[in-house]
Protein chains: 2
Amino acid sequence: MSMVENGPSRRERSGRTARREQRSHGDRGLGRPYIVRNIPTYDVLSEENLVRIEAAADRILAEIGIEFRDDPVALDHWRKAGASVEGELVRFEPGLLREVLKTAPSRFTQHARNPAKSVEIGGKSVVFSPAYGSPFVMDLDRGRRYGTIEDFQNFIKLAQSSPWLHHSGGTICEPVDVPVNKRHLDMVYAHIRYSDRPFMGSVTAESRAEESIDMARIVFGERFVDENCVILGNVNVNSPLVWDATMTTALRAYARANQAAVVVPFILGGAMGPVTNAGAIAQSLAETMAGCALTQLERPGCPVIFGNFLSSMSLRSGSPTFGTPEPAIGSMVIGQLARRLNLPLRCSGSFTTSKLPDAQAMNESTMSMLAAVHCGANFILHSAGFLDGLLSMSYEKFVMDADFCGALHTYLDGVVVDDNQLALDAFREVGPGSHFFGCAHTMANYETAFWDSSIADNEPFEKWEAAGSEDAATRANRKWKQMLADYEAPPLDEAVDEALRDFIARRKATMDDAWY
Amino acid sequence: MSMVENGPSRRERSGRTARREQRSHGDRGLGRPYIVRNIPTYDVLSEENLVRIEAAADRILAEIGIEFRDDPVALDHWRKAGASVEGELVRFEPGLLREVLKTAPSRFTQHARNPAKSVEIGGKSVVFSPAYGSPFVMDLDRGRRYGTIEDFQNFIKLAQSSPWLHHSGGTICEPVDVPVNKRHLDMVYAHIRYSDRPFMGSVTAESRAEESIDMARIVFGERFVDENCVILGNVNVNSPLVWDATMTTALRAYARANQAAVVVPFILGGAMGPVTNAGAIAQSLAETMAGCALTQLERPGCPVIFGNFLSSMSLRSGSPTFGTPEPAIGSMVIGQLARRLNLPLRCSGSFTTSKLPDAQAMNESTMSMLAAVHCGANFILHSAGFLDGLLSMSYEKFVMDADFCGALHTYLDGVVVDDNQLALDAFREVGPGSHFFGCAHTMANYETAFWDSSIADNEPFEKWEAAGSEDAATRANRKWKQMLADYEAPPLDEAVDEALRDFIARRKATMDDAWY
């Protein structure tokens, strides 16, 4: 039944020439399966101050502790590991969690059903994944409305069609027309059916996590799944300092199956954490270390991702704010801390509170996304589509963000220094006061020279005006419709498809519809 | 006649407490006179590759050379300095320019007529200055049109009113209703009359540069100007590898008066330079070193700023592109090279080719502006208002960009690590599972905790919709009108004002109107 006979082998796609060939084709060709960054991370904090933050996290863990609610197995793990367990409150001596975390791999492959699209997570790799978790969707034609399974499938198709995303994501939007207890089956099926990239499964209940993994087993084979990562589960801390059973049982389900949990605190400074950045970062470190360590107690050596979700709030209105400077600079510190733990890092990408794909949206998103790539994040969730403070998935914003992901491919290549790039022959040919338009070096390099956005309008004003004075949102609106019209589903083995549909039908037959 | 009796002394404005007090007042209070960055620069290239780029620049200078057209004084300077001069082509042995540049200061103060607003240029300082040089202006009500002296004055008033800009700029837009040969007098007067911040003078002819400096002498006194920098002149290389007499005579006029030239190549990759980034950077280094060195031959020890204007072009349409990834990452390398020369650095801020203050505009601008602050630029021209590939100055974009400059004040403060910021007491007070809204630490810190944008809308969707579903451009439109309505001119000594107007009248009386 498995598509994978001997296990997918990742096709190596390194080499600058190959990359440039891909890039030059723009949206017409394939992107890379993921980015290997060629610029260093942006390390903003001194060793001394990193140690102070780590010491603060250690004191939070030792003196205040973290509650693990309603999960006796988790408490049992902690007892055996030597933590202090009083009721549901767990306290950790400094060093305990770091010792447990030593079995976690610093990098791993998440396999895609198309082996050419498997991704590396860790080290210098950067993987862009769509936004996650919005109940609403938006487009310029229909405005804001609740998401449906059709919207969900549309966003998978858009992600699959973009050469600049690397991952199909998870709950791209909530398909609220499907009962809440059956939703995960349709979502995982849609990822497998409409995309051949890696994807994420459900975390809203232990059984849903397990069924997500079961569906992956149908695609990849049981043994392959036991030995390789093929599905991620994004689990949130109930910040501050609480892990509830929904999350820890899902986290343990992924770990038990040797699949990667993404462990993410959810800290809005001033609400779920202190209003000061250093304190929120220390809290984030404490909460994430505890969650990551729990995966290693469930199954030593299983992959896990160190997550980060810092945000701020407007203390006048009480509204959360996204894409603001404090979380952006804070992410740089989180990146340094994750590397000191030798763990792969997840950050959030294109954050904004704007309700439209307007100037505010892209100002906030660009700052947030650049922080994610600068801080060294390996897996960047919310790379495309995020609007309205995580409440809406926008069709127009999705293609704008995906286009910016394309620009970031070029950006992360850095400045290459070799004889061709230094172009001394071109200077000799052109000399002072002339131009480089037709010179040999330009002719040899122009096709691959510059990032070419498919959303930006670079035409002269008069030409732009004559063509209708369109703004970026209007162009994006046209583009997503064209992408959906042009979409072609990747091939899926019919036996696998049938087995998946059979699995879903059998699971659904055991459930009454639940709507909340 | 001078306002300045003993020379302006910069009021020290360091101290985190003072900064936070200022920031907490948002637009209602004063910003800082300039930023002292508390995060390191983002150094992306290795020592080995920096040396290779420097070696390429040295070969361009030694083997190809730079033409200095129609300026026998410049050629004479080069001859005396030991360069090879054949006709107007000047070639430089490796090391010659670096030796000449040793007399240039690594940092200096540009004095404002209000001493509290003087700026440091160099080291860790960051100074935001408005965009420069557009023939057109734009706003949502009237669309695009040629700029006038009224527009010019309006933008000075907006800059003066923003707590997040530090400099009044130069040719913010071209006032095309004033004859081209008299324009500089009205522009410099407007900077002095409507702003009390530092400003820039004319560079379009040696006489205009000198008259700009003469007007500064009326304000600051002759001796003070001879000993201190009070005016900048932004001079462009006629890339590739040509300096023309308009620019070199203006550059020498500023240097002779001990004022700072800002030396800026203008390289659109594929047109005025190679299509490859490393080559464009080597060219930029060669051209800038030559210009900076010329200031030191004119007057050793005078201040000078190492400038950078990398851009790319669409090789399909031939249009220039701005805010793209290649110049952004290239700026990081330029920053490293400038620091190796120990010179203050100018970069360009909020670049875009968009014709509207839309999503494209702020995506490109944010990437470009963040590159400028990350690369360590001390003087960031084009920090506010830039639209339409340098052709239009936008009222709405101006206030959006200025707002982002405010966010960057917070960003450049970095993550402060001290006991209050680490907030251990707050964790003790709140404990697991509660919230931080009313805790003592939040109450003590919330007023200064988070950047609070005056353009972003952070309200819930329903509240935003009920208030009219406005986009950021609409809010910005309202804001600049309010800022102009609220504008109050800073006090100006009447005798100084009269002397300036008398100088202008006398100069204009000697000129026939010239319109091109």
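Chain A holds 19 helices and 21 strands. The model is a predicted one. How does the chain's spread compare with that of a globular protein of its length? Its radius of gyration is 23 Å, and the globule rule gives 24 Å for 516 residues. The two values are close, so chain A is as compact as a globular protein of that length.

Next, the outline. Along the principal axes, the C-alpha atoms of chain A fill a box of roughly 80 × 55 × 50 Å.

Now look inside. Of the 516 residues in chain A, 60% count as buried. Contacts in the chain often link distant parts of the sequence: among those between residues at least 6 apart, 76% join residues at least 24 apart.

The domain assignment splits chain A in two. Domain 1 is written in two pieces, 34–414 and 451–516. Domain 2 covers 419–448, a stretch that falls between those pieces in the sequence. How far apart are the centres of the two domains? Taken over C-alpha atoms, 43 Å separate the centre of domain 1 of chain A from that of domain 2 of chain A.

Chain A also touches chain B. The contact takes 107 residues from chain A and 106 residues from chain B. Which element of chain A gives the most to this side? Helix H12, residues 359–374 of chain A, does, with nine residues. What kinds of residue make up the side of chain A that touches chain B? There are 62 nonpolar residues, 31 polar ones and 14 charged ones.

Notes:
Residues are numbered from 1 along each chain as its sequence is written. Chains are lettered from A and ligands numbered from 1 in the order in which they are written. This is a predicted model: local features need pLDDT of at least 70, side-chain atom pairs count only at pLDDT 80 or more; totals for chains, interfaces and linings use all residues. Helices (H or I, at least four residues) and strands (E, at least two) are DSSP runs, numbered from the N terminus. The radius of gyration is taken over C-alpha atoms; the globule rule is 2.2 Å times the number of residues to the power 0.38. A residue is buried if 20 or more other C-beta atoms lie within 10 Å of its own, exposed if 12 or fewer, and partly exposed in between; C-beta atoms are placed from the backbone. Two residues are in contact if their C-beta atoms, placed from the backbone, lie within 7 Å. Ala, Val, Leu, Ile, Met, Phe, Trp, Tyr, Cys and Pro count as nonpolar, Asp, Glu, Lys and Arg as charged, and the others, Gly among them, as polar. Domain bounds come from an automatic or database domain assignment.
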